[in-house]
Amino acid sequence: MTVMRTMGLAPLLPPEASVERSANEYVVHLAVSGFAQEELEVEIAGRFVTVRGDQTQTAIDDGPFRLHERLEERFQLPPDVDTDRLTATYTHGALELHVPRADGGRKAPRTVPIERRFGMNPDASGV
């Protein structure tokens, strides 16, 4: 994976990632080739998702050569998601994040009532 690019404050998805959007959810596809499922971790904080991978391989003959590879991708989800229901699946070097949209992605307009404040004028005290 390539280094994460940023634009303003919101990180963008890496170029090899893709997103499918439906009325009910977003599906984020990330290539994580070379990493096994147990070497990956997905963390969510607010609307920011961080995908980490960590692996160490020793040479076949158990010599002193070791290969250590790390992966870290961070990106922000859209505002209409339900992050409490985010799920992740792994299949053959690919990670899929399923993020349901809040209210199916539809937010009905609503009228906000305007309340009237009743209070005493501090200058009109009876003292």
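Two strands count as a pair if DSSP finds at least two bridges between them. Keep that in mind for the exercises below, and remember that this is a predicted model.

**Exercise 1. Get your bearings in the chain.**

Task: Work out how many helices and strands the protein chain has, and how much of it is buried.

Solution: Start with the element count. The protein chain has 0 helices and 9 strands. Reading from the N terminus on, you get β-β-β-β-β-β-β-β-β. Next, look at burial: of the 127 residues, 25% are buried. The accessible surface comes to about 9600 Å², and carbon and sulfur atoms hold 52% of that. Last, check the reach of the contacts. Take those between residues at least 6 apart in sequence: 47% of them join residues at least 24 apart.

**Exercise 2. Put the open sheet in order.**

Task: Find the order of the 4 strands in the open sheet and say which ones sit at the edges.

Solution: Go across the sheet and you read β3-β4-β9-β8, with antiparallel pairing. The edge strands, β3 (18–21) and β8 (87–91), each pair on one side only. On average, neighbouring strands here are turned by 20° against each other, direction ignored. As background, strands of a sheet pair through backbone hydrogen bonds, either parallel or antiparallel.

Now take the pairs one at a time.

- β3 and β4 run antiparallel and are joined by 4 bridges. They make a hairpin with 3 residues between them, and V19 stands opposite V28 in β4.
- β4 (residues 25–31) and β9 (residues 94–100) pair in the antiparallel sense over 7 bridges. Across this pair, V27 stands opposite H98 in β9, and H29 stands opposite E96 in β9.
- β8 and β9 are antiparallel too, with 5 bridges. Here A88 has L97 in β9 as its bridge partner.

**Exercise 3. Look at the β8–β9 turn.**

Task: Find out which residue in the turn between β8 and β9 has a positive phi, and whether that residue is buried or exposed.

Solution: β8 and β9 form a hairpin with 2 residues between them, and H92 is the turn residue with a positive phi of about 45°. Is that worth a second look? Most residues other than glycine have a negative phi. H92 has its positive value although it is not a glycine. For burial, use the cut-off: exposed means over 50% relative accessible area. H92 has 79%, so it is exposed.

**Exercise 4. Find the nonpolar core.**

Task: Say how many residues the largest nonpolar core has and which elements give two or more residues to it.

Solution: The core has 17 residues. Those with the most contacts inside it are L30, V49, F75, L77, L95 and L97. Two or more residues come from each of β4, β6 (48–58), β7 (66–76) and β9. One of the residues named above, L97, is also the bridge partner of A88. In soluble globular proteins, nonpolar side chains tend to be buried together.

**Exercise 5. Sort out three residues: V32, Q55 and R101.**

Task: For each one, say where it lies, whether it is buried or exposed, and what it touches.

Solution: Buried means under 20% relative accessible area, and that is the cut-off for every step here.

*V32.* This residue is in the loop between β4 and β5 (40–45). Its relative accessibility is 2%, so V32 counts as buried. Leaving out residues up to four places away in sequence, V32 touches L40, L71, Y90, G93, A94 and L95. V32 and Y90 are 58 residues apart along the chain, with 9.1 Å between their C-alpha atoms.

*Q55.* You'll find Q55 in strand β6. At 5% relative accessibility, Q55 is under the cut-off and therefore buried. The side chain of Q55 makes a polar contact of 2.9 Å with the side chain of E39. With residues up to four places away in sequence left out, Q55 touches G34, F35, E39, L67, H68 and E69.

*R101.* Look in the segment after β9. R101 has a relative accessible area of 8%, so R101 is buried. A polar atom of the R101 side chain lies 2.8 Å from the backbone oxygen of S22. Beyond residues up to four places away in sequence, the residues that R101 touches include R21, S22, A23, N24, D80 and R85.

Notes: Residues numbered from 1 in each chain as written. Predicted model: local features only at pLDDT ≥ 70, side-chain atom pairs only at ≥ 80, totals over all residues. Heavy atoms only, no water. Axes fitted to C-alpha atoms, helices over the stretch in contact; angles between N-to-C directions. Core = buried A, V, L, I, M, F, W, Y, C linked by side-chain atoms within 4.5 Å. Buried < 20%, exposed > 50% of the residue type's maximum accessible area, 1.4 Å probe, protein only. Polar contact = N/O pair within 3.5 Å; in protein donor to acceptor, adjacent residues only side chain to side chain. Contact = heavy atoms within 4.5 Å. Areas by Shrake-Rupley, 256 points an atom, 1.4 Å probe, with all protein chains shown as cover.
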